[in-house]
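Let's take a walk through this structure, starting at the annotated sites and working outwards to a couple of helices.

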Amino acid sequence: MDHPYFRPRRMRRDEFSRRLMRETVLTADDLIYPVFVHELPGRAAVPSMPGVERLSIDELLHVAEQASELRVPALALFPVTAPEAKSLDAAAAWDDDGLCQRAVRALKARFPELGVITDVALDPYTSHGQDGLVDASGYVVNDETVEALVRQALSHARAGSDVVAPSDMMDGRVGAIRAALELDGHIHTRILAYSAKYASSFYGPFRDAVGSAGALGKGNKYTYQMDPANSDEALREIALDLEEGADMVMVKPGLPYLDIVRRVKDEFGVPTFVYQVSGEYAMLKAAAGNGWLDERGCALEALTGIKRAGADGVLTYFALDAARWLREAS
Ligand code: PBG
């Protein structure tokens, strides 16, 4: 038998040459840590997301200290609104003294260098759990919702949020928010647009965490979030958000949508982020908890895969653990 002329295994033989030809390197710089904040004292576990807790503002500051120490660049805040503060008009969303706004002020006062990202959408504040305002038939109305989102985004910016992240999928909201921010003098506030956000079943544990699952009940978000079957439509959504003034775009969820991430990065070459969502985290945690998968290996592999697909960064509930694992390995 002839010798093989090409031996790809040569480069894989030793650690030094594996390191030299490694194309994608995950670092703490690639990670954004989503955190849930509640009005209660202390911490409360989220049963469908082992290792994730709802935090009081004091506890949030402890977590922020860890994130800073681990060089995770930013936190993404998700407030848990008490049921009595929810309403049809979601007015608590733009209360300058609301939980989210207070959390932002506390973070920026203590850790000014740590990036703070706030979610712009009405679902934590509506009594029905939809991301927008509804008409008599229950349909989420676009333009009225955009007005409410603008108020919410302005309130976040006034509190000191570095990045507002509209996750609602209304038409025209990025442009409206951008115009309002400029007019109000918030010229440095970045917009991270949840541009290609799919109507995914993988958001279940998140809705438990923020307490919107009960409110939403059997409702769904099909009239505004994207059909998981579509890919060209994602590119149109991204193009619109960029035209309207987004600084960063996002694809969400992560692993089932890596083809979208690659298309977006190739087509636009803009800062592109991926949300490895609650259901992706829960699956891995459940399998690891049963001893069926190696948590560290699988989590780092998934995050590296997301980066390899074209993401500049990943919102992930593994952010602090991943930053620790990467530090240990270096
Ligand atoms: C709310 C929002 C959701 C997530 C982030 N922002 C849920 C939804 O759209 O129902 C999901 C994040 C996750 O599952 O980790 N607009």
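Leaving out residues up to four places away in sequence, which residues does Lys 197 touch? The model here is a predicted one, and in it Lys 197 touches Ser 167, Met 169, Gln 225, Met 226 and Lys 252.

**The annotated sites**

That last partner, Lys 252, matters for the next point. The UniProt record (an unreviewed entry) puts the feature "active site" at Lys 197 and Lys 252. They span 56 residues in sequence, yet no two of their C-alpha atoms are more than 5.0 Å apart, so they gather at one spot. Lys 197 sits in strand S7, residues 190–197, while Lys 252 belongs to strand S8, residues 248–252. Not counting residues up to four places away in sequence, Lys 252 touches Lys 197, and its other contacts are Tyr 194, Tyr 198, Val 274, Tyr 275 and Val 277.

The same kind of record, again an unreviewed entry, has a "binding site" covering Glu 237. Glu 237 is part of helix H9, residues 232–243. Once neighbours within four places in sequence are set aside, Glu 237 is in contact with Ser 195 and Ala 196.

How crowded are these spots? Here are the counts, with Gly 98 added.

| Residue | Other C-beta atoms within 10 Å | Status |
|---|---|---|
| Lys 197 | 27 | buried |
| Lys 252 | 23 | buried |
| Glu 237 | 22 | buried |
| Gly 98 | 22 | buried |

A residue counts as buried when 20 or more other C-beta atoms lie within 10 Å of its own.

**Around the ligand**

The ligand is surrounded by Asp 119, Ala 121, Asp 123, Asp 131, Ser 167, Asp 168, Tyr 203, Phe 206, Arg 207, Val 277 and Ser 278. Sorted by class, that shell has five charged, four nonpolar and two polar residues. Two names should ring a bell: Ser 167 is one of the contacts of Lys 197, and Val 277 is among those of Lys 252.

**Gly 98 and helix H4**

Gly 98 lies in the loop between strand S4 (74–79) and helix H4 (99–110). Its C-alpha atom is separated by 13 Å from that of Ser 56, 42 residues apart along the chain.

On to H4 itself. At 1.5 Å a residue, its 12 residues should span 16 Å, and the end C-alpha atoms are 17 Å apart, which agrees. The buried residues in H4 are Leu 99, Cys 100, Gln 101, Ala 103, Val 104 and Leu 107. They pack against strand S1 (31–37), helix H3 (57–69), S4, strand S5 (115–120) and helix H5 (142–159).

**Helix H12**

Helix H12 (residues 295–308) gets the same length check: its 14 residues should span 20 Å at 1.5 Å a residue, and its end C-alpha atoms are 20 Å apart, which agrees. Which residues of H12 are buried? Ala 299, Ala 302, Leu 303, Ile 306 and Lys 307 are. They cover an arc of only 140° around the axis, which puts them on the same side of H12. The general rule is that an α-helix has 3.6 residues a turn, so residues three or four places apart point the same way.

The face of H12 turned away from the buried side carries Gly 297 and Glu 301, both exposed. Cover for the buried residues of H12 includes helix H10 (258–268), strand S9 (272–275), helix H11 (278–289), strand S10 (313–315) and helix H13 (319–329). After H12 comes Gly 310, with a positive phi near 130°.

Terms used:
Residues are numbered from 1 along each chain as its sequence is written. This is a predicted model: local features need pLDDT of at least 70, side-chain atom pairs count only at pLDDT 80 or more; totals for chains, interfaces and linings use all residues. Helices (H or I, at least four residues) and strands (E, at least two) are DSSP runs, numbered from the N terminus. The expected span of a helix is 1.5 Å times one less than its number of residues. A residue is buried if 20 or more other C-beta atoms lie within 10 Å of its own, exposed if 12 or fewer, and partly exposed in between; C-beta atoms are placed from the backbone. The arc is that of the directions from the helix axis to the C-beta atoms. Two residues are in contact if their C-beta atoms, placed from the backbone, lie within 7 Å. UniProt positions are given in the numbering used here, feature names are shortened, and annotations may be inferred rather than shown by experiment. A residue is near a molecule or strand if its C-beta atom, placed from the backbone, lies within 6 Å of it. Ala, Val, Leu, Ile, Met, Phe, Trp, Tyr, Cys and Pro count as nonpolar, Asp, Glu, Lys and Arg as charged, and the others, Gly among them, as polar.
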